[in-house]
Structures are given as C-alpha cells and as structure tokens.
Amino acid sequence: MAPHAELDNGTAYGDGHIPNSNNNNHSTTAKDDVFVVNSPNVTYTDTEIRSKYTYRTTSVTKGADGKYVATPKETLYDFKVDRKIPKTGMMLVGWGGNNGTTVTAGIIANRRGLVWETREGPRAANYYGSVLMGSTMKLGTDSETNQDINIPFHDVLPIVHPNDLVVGGWDISRMNLADAMDRAAVLEPTLKAQVREEMSKMVPLPSIYYPDFIAANQEDRVDNVAAGDVASMDHVEMIRKQIRYG
C-alpha cells in the first residue's frame with residue numbers, strides 16, 4: 001500500500017475515512033452522495049438506490065438470399081444497490097506470504113494514518129496505485145463550461161472502504177504475521193515497528209496442502225495444514241465453514 005509514498009503528497013483516505021487516534025473502528029453506513037442521478041429510471045430511498053437500464057444490441061442473421069438482416073434487441077435490467085455498507089471480510093490464501101503480509105500491513109498503516117522514516121525522509125501511508133481508491137471516472141460534462149467532470153471511482157456507488165476490511169486467511173505456516181512480515185523482507189523497519197504489535201496477534205488458519213500445487217522451496221515452512229493431501233468434500237466443507245464463521 002504505497003510504502004514509498006511521499007509525505008508531501010499527504011495521506012489518501014479516499015472518502016474521508018481518516019483514522020481517529022482513539023478509535024480505529026469506522027462506520028459502515030453509507031456516506032453522503034457525491035452526486036445524484038436526475039432520471040425517471042433512478043430512484044433513491046434511505047436504504048436503496050434502484051435503477052433501470054436498457055441494454056441495446058443488434059442480432060444479425062443471414063437470409064437465404066445471402067443478405068444480412070440486422071434486428072435491434074433490447075433487454076431491461078433492474079438494479080438495486082444497498083446504501084448501507086455491510087461489514088466485510090477479506091480472506092487471503094497464503095496470508096503469511098509476501099503479498100498477504102504487505103497488504104495487511106498497508107491496510108493497518110492507512111487505517112491508523114501512519115508516517116515512518118526512511119533514508120529519503122518521512123513517508124505516509126496512502127492508497128496510490130489502487131484502482132478503486134486512486135482512480136477517477138468521467139461523470140459527464142459541465143453544463144456551463146463543457147469541461148469534463150471527473151469523480152473518484154469509489155464514489156460512484158456505496159463501496160466498502162479498504163480500511164474497514166476485516167482481514168484473515170490461510171497459510172501452510174503458522175507463523176504470526178509480524179514474524180512473517182520480517183521473513184518477507186518487503187517493508188521498511190520503521191513501518192514494521194509500528195504495526196508489529198497488531199500483526200503479532202494475527203495467525204493464519206490451517207491451509208489445505210496439496211504438494212503438487214506448492215513450490216518445492218515451501219516445504220520447510222509447512223507446519224499448519226489440514227488433514228489430507230488430496231481434494232475432497234471434507235476440505236470444501238471446511239473452507240465453507242471458515243468463510244462463514246472465521
């Protein structure tokens with residue numbers, strides 16, 4: 001999560017989920033709309049956004065005389081979006097690996113608004129590089145100036161903020177994420193020091209382990225696996241239960 005970001009660029013929290021030093025929990029209710037759609041096909045309630053969209057395409061057939069016949073087709077779709085953002089979990093396969101530990105540390109750093117020292121100076125957490133949090137889309141054109149109006153991509157619809165994700169997952173190693181973060185050797189020591197306590201309490205769930213699908217150089221760290229080394233419905237049910245209940 002952009003551990004190289006310049007401090008001068010500020011901390012990017014997207015829609016305003018700026019950490020509170022006294023409370024790291026964020027509201028899961030939808031924020032105020034950045035825009036509304038003025039259309040008979042869109043309706044708003046306190047809990048939902050409902051819209052109708054007509055998808056138009058053309059079906060082409062070839063007649064006996066060799067001529068093509070183009071027939072317009074229309075399909076009407078009804079969409080419903082909940083305006084209240086639910087509590088959302090994200091479970092990572094290989095949570096204790098390079099990607100899993102870096103993503104987890106990045107979310108914690110952004111959630112807490114961390115700043116850390118490097119040889120090049122202080123750096124601040126942000127979500128630069130994230131398609132969801134760091135990009136925009138064209139909403140339309142200004143009715144007076146004819147200039148493009150662009151809005152953050154994450155403001156198009158109510159979307160869970162990465163800072164609000166509850167992170168978990170599986171790994172073939174039972175090493176806690178603080179030690180796994182050291183093993184990955186990706187993040188700056190000054191950042192690791194600030195997230196270490198929280199990540200030391202995170203331990204992956206036992207993983208399914210099929211040796212044929214795991215690189216041979218991972219064998220030495222295998223100490224956290226479910227029974228059985230071939231695909232089975234028992235493994236499927238185990239995963240389903242863990243997804244439901246953590």
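User: In this predicted model, which residue of strand 9 is the bridge partner of Gly 89?

Analyst: The model is a predicted one, and in it strand 4, which spans 89-93, is joined by five bridges to strand 9, made up of residues 166-171. These two strands run parallel, and a further pair along them sets Met 90 opposite Val 167 in strand 9. For Gly 89, the bridge partner in strand 9 is Val 166.

User: In what order do the three strands of the open sheet lie?

Analyst: Strand 9 is joined to strand 4 by five bridges, and strand 9 also pairs with strand 10 in the parallel sense over two bridges. One of the residue pairs between strand 9 and strand 10 is that of Asp 171 with Pro 206. The three strands thus form an open sheet with parallel pairing, and their order is 4-9-10.

User: Why is one side of strand 4 and of strand 10 left without a neighbour in the sheet?

Analyst: The sheet is open and has the order 4-9-10. Strand 4 (89-93) and strand 10 (205-206) each have a single partner strand, so one side of each has no neighbour in the sheet, and the reason lies in where they stand, at the edges.

User: How many of the six residues of strand 9 are buried?

Analyst: A residue is taken as buried when its relative accessible area is under 20%. By that cut-off strand 9, which comprises residues 166-171, is mostly covered, and the number of its six residues that are buried is five.

User: Within what arc do the buried residues of helix 4 fall, seen down its axis?

Analyst: Helix 4 covers residues 189-200, and its buried residues are Leu 191, Lys 192, Val 195 and Met 199. They line one face of the helix, and they pack against helix 1, strand 5 (115-118) and helix 3. On the other side of helix 4, Pro 189, Ala 193 and Glu 197 are exposed. The buried residues line one face because, seen down the axis, they fall within an arc of 95°.

User: At roughly what angle do the axes of helix 1 and helix 3 cross?

Analyst: Two packed helices are described by the angle between their axes and the distance between the axes. Where helix 1 (residues 98-112) meets helix 3 (residues 177-184), the axes come within 9 Å, and the crossing is left-handed. In the contact, Asn 98, Thr 101, Thr 104 and Ala 105 of helix 1 meet Leu 177, Ala 180, Met 181 and Ala 184 of helix 3, which by class gives five nonpolar, three polar and no charged residues. The axes cross at roughly 115°.

Notes. Residues are numbered from 1 along each chain as its sequence is written. This is a predicted model: local features need pLDDT of at least 70, side-chain atom pairs count only at pLDDT 80 or more; totals for chains, interfaces and linings use all residues. Side-chain values use heavy atoms; hydrogens and water are left out. Axes are lines fitted to C-alpha atoms, for helices over the stretch in contact, and angles run from 0 to 180 degrees between N-to-C directions. Helices (H or I, at least four residues) and strands (E, at least two) are DSSP runs, numbered from the N terminus. A crossing is left-handed if the near helix is turned anticlockwise from the far one by less than a right angle, and right-handed if clockwise. Contact means heavy atoms within 4.5 Å. Ala, Val, Leu, Ile, Met, Phe, Trp, Tyr, Cys and Pro count as nonpolar, Asp, Glu, Lys and Arg as charged, and the others, Gly among them, as polar. Buried means under 20% relative accessible area, exposed over 50%, partly exposed in between (1.4 Å probe, protein chains only). The arc is that of the directions from the helix axis to the C-beta atoms. Two strands pair if DSSP finds at least two bridges between them.
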